[in-house]
Amino acid sequence: MIRKIIFLLTLGLAGVALAQTPTGTVDLLWQANTSTPIWYLGHSLPTAGSVVKVVALPHIKVGGGEAAARDLVFRWQKDGRDVPSVSGAGQDTLSYIVDGGGNTITVAVQNRTGTLLAARR
């Protein structure tokens, strides 16, 4: 775990605090449940009212390999609001209905003790 030492001066007293720095990365893959013409080679895009599935793929080093998603805690947000119904241990998938808002998705990946390991918007 990477930690930075920050020296704090408060009322003339020196102290030391440890600041958490993410130790891994997370990729977000999404898929819209929409259709495209058979000749179209591009990615199908979300439209109002369609369902979008977002999957978090964490890359967290543990020992000689990567941590399994089932051993990590995922905290999802949509448009800056927590989505507790799909957040928690092993919850690496978020599905939502596209509305007229911004549809900004954020995920924070933590270990079971609450240490931030990775985050992505």
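**Reasoning from values to labels in an all-strand chain**

From the N terminus on, the elements of the protein chain run β-β-β-β-β-β-β-β-β-β-β-β. The model is predicted, and the secondary structure comes to 0 helices and 12 strands.

Q: Why is Lys 78 called buried?
A: Lys 78, which lies in strand S7 (residues 73-78), has a relative accessible area of 15%. Buried means under 20%, so Lys 78, at 15%, is classed as buried.

Q: What does Lys 78 touch, not counting residues up to four places away in sequence?
A: With that restriction, Lys 78 touches Val 83, Tyr 96, Ile 97, Asp 99, Asn 103, Thr 104 and Ile 105.

Q: What makes the pairing of Lys 78 and Asp 79 a salt bridge?
A: Side chains of opposite charge can pair when their charged atoms come close. The N to O distance between the side chains of Lys 78 and Asp 79 is 3.1 Å, and a salt bridge requires a side-chain nitrogen of Lys or Arg within 4 Å of a carboxyl oxygen of Asp or Glu, so the pair qualifies. Asp 79 itself is partly exposed, with a relative accessible area of 30%.

Q: Why does the contact between the side chains of Lys 78 and Asp 79 also count as a polar contact?
A: The contact spans 3.1 Å, and the limit for a pair of N or O atoms is 3.5 Å. Residues adjacent in sequence count only if both atoms are side-chain atoms, and here the contact runs from side chain to side chain, so the label applies.

Q: How do you know that Asp 99 and Lys 78 form a salt bridge, and where in the chain do the two residues lie?
A: Their side chains meet at 3.2 Å, N to O, which is within the 4 Å limit and therefore satisfies the rule. The pair links distant parts of the chain, with Asp 99 in the loop between S10 and S11 and Lys 78 in strand S7, 21 residues apart. Lys 78, Asp 79 and Asp 99 are thus linked in a network of salt bridges.

Q: Why is Asp 99 called partly exposed?
A: The relative accessibility of Asp 99 is 38%; since buried means under 20% and exposed means over 50%, this value falls in between.

Q: What makes Asp 27 and Arg 120 a salt bridge?
A: Their closest N and O atoms are 3.6 Å apart, which is within 4 Å, so this pair also meets the rule. The bridge links distant parts of the chain, from Asp 27 in strand S3 to Arg 120 in strand S12, 93 residues apart. Asp 27 is partly exposed at 31% relative accessible area, and Arg 120 is partly exposed at 38%. By this rule the count of salt bridges comes to 3.

Q: Which residues touch the most other members of the largest nonpolar core?
A: Of its 20 residues, these are Leu 72, Phe 74, Trp 76, Leu 94 and Tyr 96. At least two residues of this core come from each of S3, S4, S7, strand S10 (93-97), strand S11 (105-110) and strand S12 (116-120).

Q: What makes Tyr 40 eligible for a surface patch?
A: Tyr 40 has a relative accessible area of 37%, and patch members need over 30%, so Tyr 40 passes that cut-off. Tyr 40 lies in the loop between strand S3 (25-32) and strand S4 (51-59). Together with Ile 38 and Trp 39, Tyr 40 forms a nonpolar patch with about 450 Å² of accessible area.

Note on methods. Residues numbered from 1 in each chain as written. Predicted model: local features only at pLDDT ≥ 70, side-chain atom pairs only at ≥ 80, totals over all residues. Heavy atoms only, no water. Patch = residues over 30% accessible without salt bridge, like charges linked within 9 Å, V, L, I, M, F, W, Y side chains within 5 Å. Areas by Shrake-Rupley, 256 points an atom, 1.4 Å probe, with all protein chains shown as cover. Helix = DSSP H or I, 4+ residues; strand = E, 2+ residues; numbered from the N terminus. Buried < 20%, exposed > 50% of the residue type's maximum accessible area, 1.4 Å probe, protein only. Polar contact = N/O pair within 3.5 Å; in protein donor to acceptor, adjacent residues only side chain to side chain. Contact = heavy atoms within 4.5 Å. Core = buried A, V, L, I, M, F, W, Y, C linked by side-chain atoms within 4.5 Å.
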